[in-house]
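Please look through the structure shown below with its sequence at hand, and follow the paragraphs that come after it from one helix pair to the next and then on to a whole chain.

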Amino acid sequence: MIWPIILLIATPFLIGVSGLVVRDRQTLDVLHCVQAGIMMVSSMLLVDEVSMSGPVSFFYFLHADAMSAWFDLVIGIVAGTGTLYAVGYVGEQYDRGHVSIKRFRQFFMLFDLYLGVMLLAVNVENLGIMWIAIEGATLSAALLIGFERSKGALEAGWKFVILSSVGIALALFGTILVYYSSEQLLGITEEALHWSKLYEVGDQLDSSVMKIAFIFILVGYGTKAGLVPMHTWLPDAHGEAPTPVSAMLSANMLTMAVYAILRLKILTDQSVGTEFTGTLLMGFGFFSVALSSIVLLLQEDFKRLLAFSSIEHIGIALIGFGLGGLGVFGGIWHLLNHALAKSAAFYGAGLVLITHEHKFIARVTGLLREHPAGGVALFVAGLVLAGMPPFGLFVSEITIAANAMATAPTIAYGFFGVLTVAFATLLFQILRMVLGMPMETPSSTVGPRCRAFSTAAIAVNLGALIFLGLHVPDGLHNLIGAILPFFHAEGEYF
Amino acid sequence: MPTLPINIGSYLVNLCSALLLLTCFAIVAQRRLMACVDLFALQSVFLAVTATLVAYLTGIHHIYLAAVLTIAIKAIILPRILKKIVRQLNVQREVSMYVNIPTGLLTCGGLVILAFFITQPIVHLGFLLTQDSLAIALAIVLIGFFIMVSRLKAVTQVIGFLVIENGLFLAATAAAYGMPLIVELGIFFDVLVAGLIVGIYTHQIQEAFGSVDTSRMKALKE
């Protein structure tokens, strides 16, 4: 069955392009609800398909194996709820007269394009085209971050353009090096960049070239994944972008960048062994968790707070992948649950930002009483992000920590230390906002349309988080079983 | 197929790569913004010549197409856009920097040595024709980074980015005999769009901040 993957990737492009001709808001709203539905359903169907009957390919262009299907699920579901939320959020800006219908259409064209290229990046067969898709995501994100054209947004956007371009240039150099090495074996053809071919000859690739290539790619795509010390664009971009875009940056783009790094890690491991890449991933992961755990405490802006929490969680996932073994399970489970929780938290934060028109943590209290939807979203997502049972992030963190304890105790102690600080600080900041009595009267209320759409988006995300915390569907179980062999990992999960 | 003996071909490719590197140094040493743009265009012409040489010597035809695109996009379209921006914004034509020119040139010299050092273990794998170009390409990429971090104005940061792109293209053409055609086309498209987006941004930054001096943008930090 080929159509879930086609639908998943083609829908955002088609609906995005339709923005060129569709001029009224009502039709755009309907189209984007359809898009959200298609993305969520087709990503689940794709997971089902891949877990039952193996990889799906479309000519030599798309090839979705278990790895791709997993990331399709993460990006597809969150992109779906993100689209719903964007319809509500940007629609509210339009109702208030902050954006014209022209800007409204521009926003959705860019937003759909952005989602489309991200889905393309995790499914293409060709390493070079994956680079092009990721660059496409960078460029569309650049315009989305600066969308509000305030001084802050322009500064954040410029920083993002410059840093990401540098990162992506490094990744291209790494890609060229991979090709330089693989064309000696596969000849000067396009196939020398195909994942499936590369994995067949991976153990014959020259190990010194692959080492240098991996470093370039890790630093390059790591810039997009927000790894410390290349993270400096991330809090600014997440803080200043329109909130639906912040949610997509955090939940989807960082995840996509990790996907790219993992693909190359699998390839590099074949010729170099897992220790080289594992150590690098753990190093970057550890510093990301350590730095963000401290900054979380000092943060005064709630969107930047969530941004630093993203740096931390990507770091945790990378430590899992670096450890190998069941840590890989921890890593992928972590990415899925983090994406759902972080986007839900941003949806809640966006509602607060619309009604209070500022981003100070200290001036917002009692959200549970004041804002049922936004308060619940921040509260539940805060608990999830702080690794509370029964949610998925608890499972993944315990797995990673136990695995670290078994294989590298020194890393485990450090990991426990920074993790404790990070979660205590995050929980402190979130609880400060959601509990107690409202201290400040909101300067406005959200319209019914925005409230309906954002509540729907939040409900889907929180529902999925609770469901995954209590029950693991067979499809996902099989999919994890198919992903672990990529990393030469095995063991009992769940 | 080549009518030139392989070692003369190899010398020519190396000569062109070296000229590319030389223009990098010229950009670092140049104070006037307009001249920087011209030097970038000149560098792109050298790049196209290198690509044509490689295409001729190896008989791989799609590299010719890449050379034509290089001339069109990097030597004509992008320099025009950049010059238009410089004129429109009426930015001071002098380049402002964090480090002075002699220090900059010395640093770049160090970067070239570093590039040769990094690539030393892997050049022996390459094709005989273009073995030394990989190191030169990496050197150009590193100097591009240096231009980006050492300059204050948005426009010169863009030139740094484009120099990096040229270095990457040299790496792809010279070391790997060109990326597959579809990838190459995609990269050109992305570079062009990146150029346009940067143009949009500089314009908006000028309107919001009254200047394209990026050192004024420092509101966002911890």
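In this predicted model, a good place to begin is chain A, where helix α13 (residues 326-356) and helix α15 (residues 372-385) pack at an angle of about 145 degrees, their axes lying 8 Å apart. The crossing by which α13(A) passes α15(A) is left-handed. On the side of α13(A), the residues that make this contact include N337(A), A341(A), A344(A), A345(A), G348(A) and V352(A), and on the side of α15(A) they include A373(A), G374(A), A377(A), L378(A), A381(A) and L385(A). Sorted by class, the residues of the contact between α13(A) and α15(A) comprise 13 nonpolar, 4 polar and 1 charged.

A second pair in chain A is formed by helix α12 (residues 302-323) and helix α16 (residues 392-407), whose axes come within 10 Å and cross at roughly 45 degrees. Because that angle falls in neither the parallel, the antiparallel nor the perpendicular range, α12(A) and α16(A) are oblique to each other, and their crossing is left-handed. Here I316(A), I319(A), G320(A) and L323(A) of α12(A) meet E397(A), I400(A), N403(A), A404(A) and T407(A) of α16(A), a set that divides into 5 nonpolar, 3 polar and 1 charged.

Turning to chain B, one finds 7 helices and 0 strands, so that the order of elements from the N terminus on reads α-α-α-α-α-α-α. The radius of gyration of chain B is 18 Å, which is close to the 17 Å that the globule rule gives for 222 residues, and chain B is therefore as compact as a globular protein of that length. Taken along the principal axes, the C-alpha atoms of chain B fill a box of roughly 55 × 35 × 35 Å. Of the 222 residues in chain B, 50% are buried, and among its contacts between residues at least 6 apart in sequence, 75% join residues at least 24 apart.

How, finally, does chain B meet chain A, and which helices of chain B take part? In the model, 40 residues of chain B are in contact with 41 residues of chain A. Helices α5 (133-150), α6 (154-176) and α7 (181-209) of chain B each supply at least two residues of the side that touches chain A, and the largest share of that side, 14 residues, comes from α7(B). By class, the side of chain B that touches chain A holds 32 nonpolar, 5 polar and 3 charged residues.

Note on methods:
Residues numbered from 1 in each chain as written. Chains lettered and ligands numbered in written order. Predicted model: local features only at pLDDT ≥ 70, side-chain atom pairs only at ≥ 80, totals over all residues. Axes fitted to C-alpha atoms, helices over the stretch in contact; angles between N-to-C directions. Helix = DSSP H or I, 4+ residues; strand = E, 2+ residues; numbered from the N terminus. Left-handed = near helix turned anticlockwise from the far one by under 90°. Contact = placed C-beta atoms within 7 Å. Nonpolar A, V, L, I, M, F, W, Y, C, P; charged D, E, K, R; others polar. Parallel < 35°, antiparallel > 145°, perpendicular 65-115°, else oblique. Rg over C-alpha atoms; globule rule 2.2 N^0.38 Å. Buried ≥ 20, exposed ≤ 12 C-beta atoms within 10 Å, placed from the backbone.
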